[in-house]
Every structure is written in C-alpha cells, then in structure tokens.
Amino acid sequence: SKTLVAGLLPHHHNTTVDIVVALHACGHLSDVALGHAVQNNAGAFVICPCCFLSNPQLRLPTTEEEVHQFLNITSEEWSALKLLAEVQGDFTLSNRAIHTICAVRARAVEREMLLSHNNNSNCSIQIKRFPVRYTTRNICIVGEIIK
C-alpha cells in the first residue's frame with residue numbers, strides 16, 4: 001500500500017494506489033483528482049467537490065484535455081452547470097446543479113475506467129450526502145473499483 005500526496009502523484013499509468021481522497025476539492029481540482037483515480041488504478045475514491053468556478057486552468061493528468069471534454073459535455077453546458085451550482089439564496093437550485101455535476105463526473109469516470117481497463121473492471125459509483133450541519137457542500141462522489 002502506498003500513500004501519495006496529490007502534487008506528488010506520478011504521471012504514468014503503471015502505478016496503483018488504494019484510494020484517492022479529495023476534500024474541499026475546489027472546481028476543476030475534483031476532476032483532476034478523479035483523473036488521478038483512473039490513471040493510478042485506484043481501488044476507491046471519495047471526492048467532495050466545492051467552489052465550482054475555481055481552478056478553471058487545471059487539466060486532467062491523463063490526457064491534458066479540458067475538463068468539459070473529459071465529461072463529454074459542451075463547454076457551454078459545463079459553464080451553465082457551474083454557475084447554477086454557485087447560485088446563492090436558492091439552495092434547491094444549487095443543490096440540483098451540484099448533484100448533476102457529480103452525476104456527470106461519475107458517468108465520465110465509469111466510461112474512462114471501462115476504456116482503461118478493457119472492460120476487466122467493474123465500477124460502483126454513488127453520490128452520497130453527509131449532514132448539512134458540517135457544510136452546505138455536503139455531496140460527495142464515492143467510487144469503488146472491483147477488479
């Protein structure tokens with residue numbers, strides 16, 4: 001078992017990590033963390049996204065593609081979802097946008113896992129909530145890879 005700090009994760013495909021955890025993963029940092037989970041054959045991941053408009057300059061470690069390309073949606077759709085997630089004063093609207101963003105991310109990871117593992121792995125990804133008393137950004141993406 002290895003412990004690697006995100007900034008020190010290797011940029012090659014033959015490394016395996018047990019779990020990728022990203023708490024308070026601002027904006028595109030959530031997607032970078034998910035990319036590291038795919039690239040490094042993580043057995044599991046827990047990503048808690050927030051601050052959806054932050055870090056737009058970040059690219060995925062696997063391909064250097066832009067996040068919206070990884071997510072398989074247009075840049076306009078991606079921008080609109082991020083803006084809705086940051087709406088203040090309408091918790092229901094922003095919460096639905098956050099859930100949608102997490103679902104789009106989960107679908108992208110499932111697709112990438114299937115491609116990178118040649119259909120030899122099963123991916124179980126759930127969108128979970130924890131009590132709002134800790135933070136209003138209480139949605140996280142939890143995944144397990146069954147090899």
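This is a short dialogue on reading the fold, sheet and core of a predicted model.

Colleague: Where do I begin? How many helices and strands does the chain have?

Modeller: Begin with the elements. The chain of this predicted model has 4 helices and 4 strands. Then read their order along the sequence. The pattern is β-α-β-α-α-α-β-β.

Colleague: In what order do the strands stand in the sheet?

Modeller: Order in the sheet and order in the sequence are separate readings. The 4 strands form an open sheet in the order 1-2-4-3, with mixed pairing. Strand 1 (19-26) and strand 3 (122-129) are the edge strands, and each pairs on one side only. Neighbouring strands are turned by 10° against each other on average, with direction ignored.

Colleague: Mixed pairing needs unpacking. Which strands pair in the parallel sense?

Modeller: Take the pairs in turn. Strand 1 and strand 2 are parallel, over 6 bridges. Valine 20 stands opposite phenylalanine 45 of strand 2 there. To get from strand 1 to strand 2, the chain passes through helix 1, and this β-α-β crossover is right-handed.

Colleague: And how do strand 2 and strand 4 run?

Modeller: Antiparallel. Strand 2 (residues 44-50) and strand 4 (residues 139-146) are joined by 4 bridges. Phenylalanine 45 appears again, facing glycine 143 in strand 4. Isoleucine 47 has isoleucine 141 of strand 4 as its bridge partner.

Colleague: Is strand 2 mostly covered or mostly open?

Modeller: Mostly covered. Of its 7 residues, 6 are buried.

Colleague: Now the helices. Which strands does helix 1 touch?

Modeller: For a helix on a sheet, read the contacts, then the angle. Helix 1 (residues 29-39) packs on the sheet and touches strand 1, strand 2 and strand 4. Its direction makes about 175° with that of strand 1. Helix 4 (residues 91-116) lies across strand 2, strand 3 and strand 4. Helix 4 runs at about 170° to strand 3.

Colleague: How would I judge burial along a helix?

Modeller: Start from the repeat. An α-helix has 3.6 residues a turn, so residues three or four places apart point the same way. Then check the count. In helix 1, 10 of the 11 residues are buried. Among them are Ser30, Asp31, His36 and Gln39.

Colleague: What covers the buried residues of helix 1?

Modeller: The cover includes strand 1, strand 2 and strand 4. Helix 2, helix 3 and helix 4 also take part. After helix 1 comes asparagine 41, with a positive phi near 50°.

Colleague: Next, the core. Which residues touch the most other members of the largest nonpolar core?

Modeller: Look for the well-connected members. This core has 33 residues, and Val20, Phe45, Ile47, Leu71, Val109 and Ile141 touch the most other members. Contributors of at least two residues each include strand 1, strand 2, helix 2 (67-71) and helix 3 (75-85). Helix 4 gives the largest share, 9 residues.

Colleague: Take one member. What does leucine 71 touch?

Modeller: Residues up to four places away in sequence are not counted. Leucine 71 then touches Asp31, Trp78, Val104, Arg105, Arg107, Ala108 and Arg111.

Colleague: Last, the chain totals. What share of the 147 residues is buried?

Modeller: Buried residues make up 44%. The chain exposes about 7900 Å², and carbon and sulfur atoms supply 54% of that. For contacts, look at sequence separation. Among those between residues at least 6 apart, 65% join residues at least 24 apart.

Methods. Residues numbered from 1 in each chain as written. Predicted model: local features only at pLDDT ≥ 70, side-chain atom pairs only at ≥ 80, totals over all residues. Heavy atoms only, no water. Buried < 20%, exposed > 50% of the residue type's maximum accessible area, 1.4 Å probe, protein only. Contact = heavy atoms within 4.5 Å. Areas by Shrake-Rupley, 256 points an atom, 1.4 Å probe, with all protein chains shown as cover. Pairing = 2+ DSSP bridges. Axes fitted to C-alpha atoms, helices over the stretch in contact; angles between N-to-C directions. Right-handed = clockwise from strand over helix to strand, strands pointing away. Core = buried A, V, L, I, M, F, W, Y, C linked by side-chain atoms within 4.5 Å.
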